[in-house]
Amino acid sequence: MRKLFFMLILLLGLASAAHADDKIRILTTTSDLKSIAEYIGGNKVEVDSLAKGYQDPHFVEAKPSFMLKAKKADLFIRAGLELEIGYEELIIDGSRNPKIRFGQPGHLDASEGVYLLEVPTTTKVDRSMGDVHPMGNPHYWLDPLNVKIVASNIANRLSELSPENESYFKKNLAEFNKKMDEKMVEWQEKLKPFKGQQIAIYHRSWPYFADRFGLKIGCELEPKPGIPPSPGHLKEVIEIIKERNINAILMEVFYDEKPAKFVSQQTGAKVVIVPNSVGGTKEAKDYFSLIDIIVEDLTGALKG
């Protein structure tokens, strides 16, 4: 009986290993891309992410453990627009995995075809301008309609890598888009009363979200993208918030709260700290719950 039990365990283990080997191994740079890839890939994929949702995605360390993950990947998905410029090449080079190199079917830039904001009009972009991305603002995933394009990009690439499962990926894409359309109606209805209203932000993570839902960005706590707030700049921010009756300061979970709270004390504007990526808080379990949280918390502050 004992021998039979061990044989059963062995067979289950072999079956499990075979099942795992059939799946497409995906490594994404951000947790948002992971969430979308999991929805589209379903039970045909295994997905891991380099950055956690509570981390600043601009600054991810190229750890040896990430290179090992990349070595096993069939598909590497990046946000693009140079968001990963500090670590992507190091990780792919270190992985020695030719399948996921740029230009190969196993490398996907999720930004292909998305609606871009803040593309510099000058060819000269340098550090004196702060952390400006020469190809445009890379935080496009905070526009839900851009995420439909990302989902389509992922479905198409998975279909290329696994043509026998194309209908499965397309079915999941259709379900994803249907749910997104339904949620968009809900999110737009909640933010409709505040259309045209100005908000303050910490970093330029929010232009896509604001643009999609008709909000205006009145000022930023960072004097330039990626440059921490200075006392002199905060004085200017306080004056703008008072002058324009701005009543919400929207910021990410990983920045220092003190400057925002100082401005709040001086102006009465409410500080709204929300995740800007899946996993930024335990409640932001997938892309839909991420936007749910942002919309809910921001509308609460805008109501006054």
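Arg96 sits in the loop that links helix H4 (88-95) to strand S4 (107-109); helices here are DSSP runs of H or I with at least four residues, strands are E runs of at least two, and both are numbered from the N terminus. The model is a predicted one, with local features needing pLDDT of at least 70, side-chain atom pairs counting only at pLDDT 80 or more, and totals for chains, interfaces and linings using all residues. Residues are numbered from 1 along each chain as its sequence is written, and side-chain values use heavy atoms, with hydrogens and water left out.

Back to that loop: Arg96 has a phi near 55 degrees, a positive value in a residue other than glycine. Its relative accessible area of 72% makes Arg96 exposed (over 50%; buried is under 20% and partly exposed lies in between, with a 1.4 Å probe and protein chains only). Glu118, in the loop between S4 and H5, is not a glycine either, yet has a positive phi of about 60 degrees. Glu118 is partly exposed, at 35% relative accessibility.

Helix H2 is a mostly covered element, with 8 of its 11 residues buried. Those are Ser31, Asp32, Leu33, Ser35, Ile36, Ala37, Ile40 and Gly41. The cover over them includes S1, S2, strand S3 (75-78), H5, helix H6 (166-191) and helix H10 (287-302), where contact means heavy atoms within 4.5 Å. Right after H2 comes Gly42, with a positive phi near 55 degrees.

How do H2 and H5 cross? The axes of H2 (residues 31-41) and H5 (residues 144-161) come within 10 Å and cross at roughly 55 degrees; axes are lines fitted to C-alpha atoms, for helices over the stretch in contact, and angles run from 0 to 180 degrees between N-to-C directions. The two helices are therefore oblique to each other, the class left over once angles under 35 degrees are called roughly parallel, over 145 roughly antiparallel and 65 to 115 roughly perpendicular. On the H2 side the contact is made by Leu33, Ile36, Ala37, Ile40 and Gly41, and on the H5 side by Val147, Val150, Ala151, Ile154, Ala155 and Leu158.

Strands S1 (residues 24-28) and S2 pair in the parallel sense over 5 bridges, pairing being at least two DSSP bridges between two strands. Leu27 has Asp48 as its bridge partner in S2. Side chains alternate along S2 (residues 45-49): Val45, Val47 and Ser49 point to one face and are buried, while Glu46 and Asp48 point to the other and are not.

Further along, 4 strands make an open sheet with parallel pairing, in the order S6-S5-S7-S8. Strands S6 (216-220) and S8 (270-273) are at the edges with a single partner strand each, so one side of each is left without a neighbour in the sheet. On average, neighbouring strands are turned by 35 degrees against each other, direction ignored. S7 and S8 run parallel and are joined by 4 bridges, and Leu250 has Val272 as its bridge partner in S8. H10 packs on this sheet and touches S5, S7 and S8, its direction making about 180 degrees with that of S8. H8 lies across S5 (198-201), S6 and S7, at about 145 degrees to S6.

Between H8 (231-244) and S7 (248-251), the loop holds Ile246, which is buried at 4% relative accessible area. Beyond residues up to four places away in sequence, Ile246 touches Gln198, Ile199, Ala200, Gly218, Cys219, Ile240, Ile241 and Ala269.
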